Amino acid sequence: MLRVVRALNPILFRSLSPTGVSKRLLGLTGCNVLGARLLSTASASSSSDAATGAAAAAAAATAAQTTHRQPTLAESGLSSAEDFLNGTNANVLEEMYELWLREPSKVHGSWQAFFRNIETGAPLGQATSLLSRPQRERISRAAPSVTAGRDVLEVARDTVRVMSMIRAFRHRGHLVANLDPLNLSQASGHVVAGAHEESALSPARVRYDLDPVSYGFTEADMDRIFYVGGDLPGRPLRTLREIHSMLKNAYCGTIGFEYRHMLSKEEKDWIASRVEVFGPMFRFTPEEKRQIWNFTAEAELFEKFLSYKYATAKRFGLEGGESIIPGIQAMLLRGSELGIENVIIGMPHRGRLNVLAQVVKKPLEQIFHEFNPDESRTRVYLAGGSGDVKYHLGTSSDRTLANGKQMHLSLVANPSHLEAVDPVVVGKTRAKQFFTYDVDRRRTMALLLHGDAAFAGQGVVAETLELSDLHDYTIGGTVHVIINNQIGFTTDPKHARSSPYPTDVAKCVGIPIFHVNGDDVEAVVHVFRLAIEYRQRFRKDVVVDVFCYRRHGHNELDEPSFTQPLMYKKIAAHPTILQLYTHRLVNEQIVQPSEVQQMRDQHMRRYEISFRNAPNWKPRDSDWLASHWKGFKSEFQLSPIRQTGVDRDVLMRVGRALCRIPESLHIHPHLKRLLEHRKQMLEGEIGIDWALAEQLAFGALMCEGTHVRLSGQDSERGTFSQRHAALIDQDTEERYVPLDHIEGDPPGQFRVCNSSLSEYAVLGFEVGYSLESPRALVMHEAQFGDFMNGAQVIIDEFIASGEKKWRRQCGITMLLPHSFGGQGPDHSSARLERFLQLADDDPDEIPAELGMDNRMQIQRANLQVVNATTPANYFHVLRRQIHRDFRKPLILLTPKELLRLPECRSPLADFLTGTRFHRLIPETDPEIATGEKTRRLIFCQGKVYYELVAERKKRQIRDVSIVRLEQISPFPYDRVAETLSAYPKAELVWCQEEPKNAGAWFYVQPRIRTTLRGLIDEAHGKHRVVAYAGRKPAAAPATGIYTIHVAEQKELIDQALSDEPLPVTV
């Protein structure tokens, strides 16, 4: 806008620095008319709507000239060193205008005329007289062709039009770039959802907006010179023809750049400096072109070889998108030059085998062997696991790149659930950065490959993007690569998304998006290089959208022409990427025709040799273990059970840190009372509560060198205001973490992270974090356990089955608040039954090894489910996660009401050396009858135990024993058998708060039956059955009406403690 004002009166407004327009001028009541008049032409001309801009400028150009004098600086108070509508000048101008409204005679005559003309509605061209040509040429050193034959208003108008055209190219040029290798519709450009003829995205309309004609220029204007200094690179004076040609080459070639939506001017300028080039945007040496050719050949011929050898097998090949491979190779090479040492990769099944073979360098013999595995060898290798299809598997390797630099590559295994691997890769990358001290996040990066339909359709993509700039989750940028097949399974883009591109979701975090035609291999390589340079410079995410096609259907056995006949007719007639690039290099005389067949034979021969050696391939554990995991035990190697108690001095050292705060920190008064309360606990005056036990566990692990990470939506304070792991100054909001100030500077670190309001991505992130190293206690805490079904894909695919499918141990700990307190169906249940259903232990089989010296039950299970009822047991189960030579996911149901229940306390002695976790806690009241005198034996878990004990005491019942099952899965057969034998004549009851079709009933009933039949003899009640006391089956986990909740709770307690035997079902 200021260009217009400066051009209208260049004597007054000499500054050329780009600044914003004063809002005050428009905002003041007295100046609304003046502001609107001054800015009307400027606003219209700078609009993205070219037609409106041209019309406004044309109206100004045809305005009648007047003889009014130019407003002068003399006696006005205006400064020639400042912009017209900014700083001091804006204030002076407003004051002068208001003075003129009150007493016109006190304003200089030239300004009287100016304001009078503005007030009477005169356009800008009539508000002031025009400068003479000598004046114009004296103030402008531009070539005469800039102004020849035109007055200053015309120059200003045309300059604004050029700026509008530049803006249009920057913002919309990508919409008509040559991106679609199939050219599916010549009339509509590349495939952009919603680009119908009437749409603003219509290529015809966009092309018109980019045409100089739409701005009022003719062929006669094309050689006119315009000032573009500061807006375009190079010389400040350029012909319109040069400007238009450069913009067209930059924005409408085989690369489409979307970056003007970004907020950072520095980043936009950096990208523009690499895009807006007068001349070729990139050049490759003959040697580089031959290398690109070789990478392309490797990728395409690999797919051809697989199609020859495994014609009837699904492999989800990369045909049609092979240029991805030379692009990634170039990115890795350039990245190594910029400091990258580790790359964590996540991708879907399409193209996975090619990436494994060409990029990660997984042995070809292993890949071919996985098509026809040796059954006997594979069974030993999987050792009771399920394995997975070849296009889900991952691996890692160390590569020496062409420049001699070393790079570690890790491709993370993933399920068919598209995009589920995204947050896992990001979390694993963050962990690797932590354990390799990559503080500035320039040595380890994530590379995520996506399908076009999945990137637009799967919500976890947006959740993962939102983690990208959060303090405790950022990894300094992920490079996202879209393999854009321009189709889903069988769904066209126009039916698959509402946005023009599949990448539009990435705009939510303001990152650049580079679209590129996959048939132009050199453009693909250039864009991949640009992406890694951006990532390394700005440490932010970047998206590369490779427009390609899928030569076959969803898989090689699918018939795509059922649903896309026209597309697949074009694909059948379309030359391959290798054919296109070979033809190009032959024409450039970089490759000789005789070399083409030689190159093909060379690669095919290499594949054939590996294929013949494939039957001899033998799996090794080293194929699956990262360096951090060396020394950890498999399910066939005994990991001894360890004590988890801690020396008193260590606990006191941690406790002092938890109770001590700096004098300068002004915390909330309630928290002062909390800290005093904790001191009393540590001194033994009262028992230790849940929150203190938890932080003692964290601190003790830190003193032993363990990294502790706790993540969740309210984890710093705790959903129920119980934790307060970080204390906030009430005056400054300074954050103080007591565990960071343990005496002696322990080697372990503590990180408590308030996360985004996401279950799926945040849990996936923490799973990835835990996969990187076993030397960290990684916990994800749900706000309420009920909400974790939002992350069910991560639970099912990575936590419950990941080790069995992919032989990757995972020590993730999930903290899930769970108990029935009358808060409704969505704030009561962590869906315990779902985790127990996922447990893979056999309800009809008692493990052979159950002794302290040979127990391997947990090692051979897929997960652990625990509902601890004492702070000490919670303390020990957290420490047990680390004090063992293997890792298993821990599903830990955590309390709500028990957090402040006086009865739920543990003495300090229960934490000290020699103590450990109890899988089952027997009856603890010495006044309760034992042995054959016990009428009823109640098994339960969780909060209901305290309600049962309170009611038993109230009713003065002495012949009912209550036993707590702390570890529900794997089922503690040995401890349950001991308990059953101790009460040979007792009626057996399972009591739970959850509905009968939920909770643990379905899980414990058959296992108690198996225990009775397998470990109990006739004399100790072998033929007993267990009865049920609890809520009836229900569709919702809990009622939303408190009075009904109270009635239901009373009824289940009455059932459990009733005098009459309960009905049983066999």
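Which residues of S15 are buried on one side of the strand, and which on the other? In the predicted model, Ala776, Val778 and His780 lie on one side of S15, while Leu777, Met779 and Glu781 lie on the other, and all of these residues are buried. Both faces of the strand are thus covered. Strand S15 spans residues 776-781, and because six of its six residues are buried, the strand is largely enclosed by the rest of the structure.

The pairing of S15 involves strands S11 and S16. With S11 (residues 707-712), S15 pairs in the parallel sense over six bridges. Within this part of the model, glycine 712 has glutamate 781 of S15 as its bridge partner; Glu781 is also one of the buried residues named above. With S16 (residues 813-817), S15 again pairs in the parallel sense, here over three bridges. Histidine 780 has its bridge partner in S16, namely methionine 814.

A second covered strand is S9, which comprises residues 513-517 and has five of its five residues buried. Ile513, His515 and Asn517 point one way from S9, whereas Phe514 and Val516 point the other way, and all are buried. Strand S3 (residues 255-258) pairs with S9 in the antiparallel sense over four bridges, and the bridge partner of phenylalanine 257 in S9 is phenylalanine 514. Strand S10 (residues 542-547) runs parallel to S9 and is joined to it by five bridges. In S10, valine 543 is the bridge partner of isoleucine 513.

These strands belong to a protein chain whose secondary structure comes to 39 helices and 24 strands. Of the 1066 residues in the chain, 58% are buried. Among contacts between residues at least 6 apart in sequence, 80% join residues at least 24 apart. The chain exposes about 42,800 Å², of which carbon and sulfur atoms supply 52%.

Internal space was also examined. A search of the whole structure finds 14 cavities of 30 Å³ or more, and the largest of them contains about 280 Å³ of space. The lining of the largest cavity consists of 18 residues, with Ile641, Arg855, Ile858, Arg880 and Arg884 nearest its centre. By class, this lining has six nonpolar, six polar and six charged residues. Helix H34 (residues 857-860) gives the most to the lining, with three residues.

Definitions and conventions. Residues are numbered from 1 along each chain as its sequence is written. This is a predicted model: local features need pLDDT of at least 70, side-chain atom pairs count only at pLDDT 80 or more; totals for chains, interfaces and linings use all residues. Side-chain values use heavy atoms; hydrogens and water are left out. On a 1 Å grid over the protein atoms alone, a cavity is a set of points where a 1.4 Å probe fits but cannot get out, and a pocket is an open set with protein on both sides within 12 Å along at least five of seven lines; lining residues have an atom within 4 Å of a point. Grid points are joined across faces, edges and corners, and a volume is the space filled by probe spheres set on the points. Helices (H or I, at least four residues) and strands (E, at least two) are DSSP runs, numbered from the N terminus. Ala, Val, Leu, Ile, Met, Phe, Trp, Tyr, Cys and Pro count as nonpolar, Asp, Glu, Lys and Arg as charged, and the others, Gly among them, as polar. Buried means under 20% relative accessible area, exposed over 50%, partly exposed in between (1.4 Å probe, protein chains only). Contact means heavy atoms within 4.5 Å. Accessible areas come from the Shrake-Rupley method with a 1.4 Å probe; for residues, only the protein chains shown count as cover. Two strands pair if DSSP finds at least two bridges between them.
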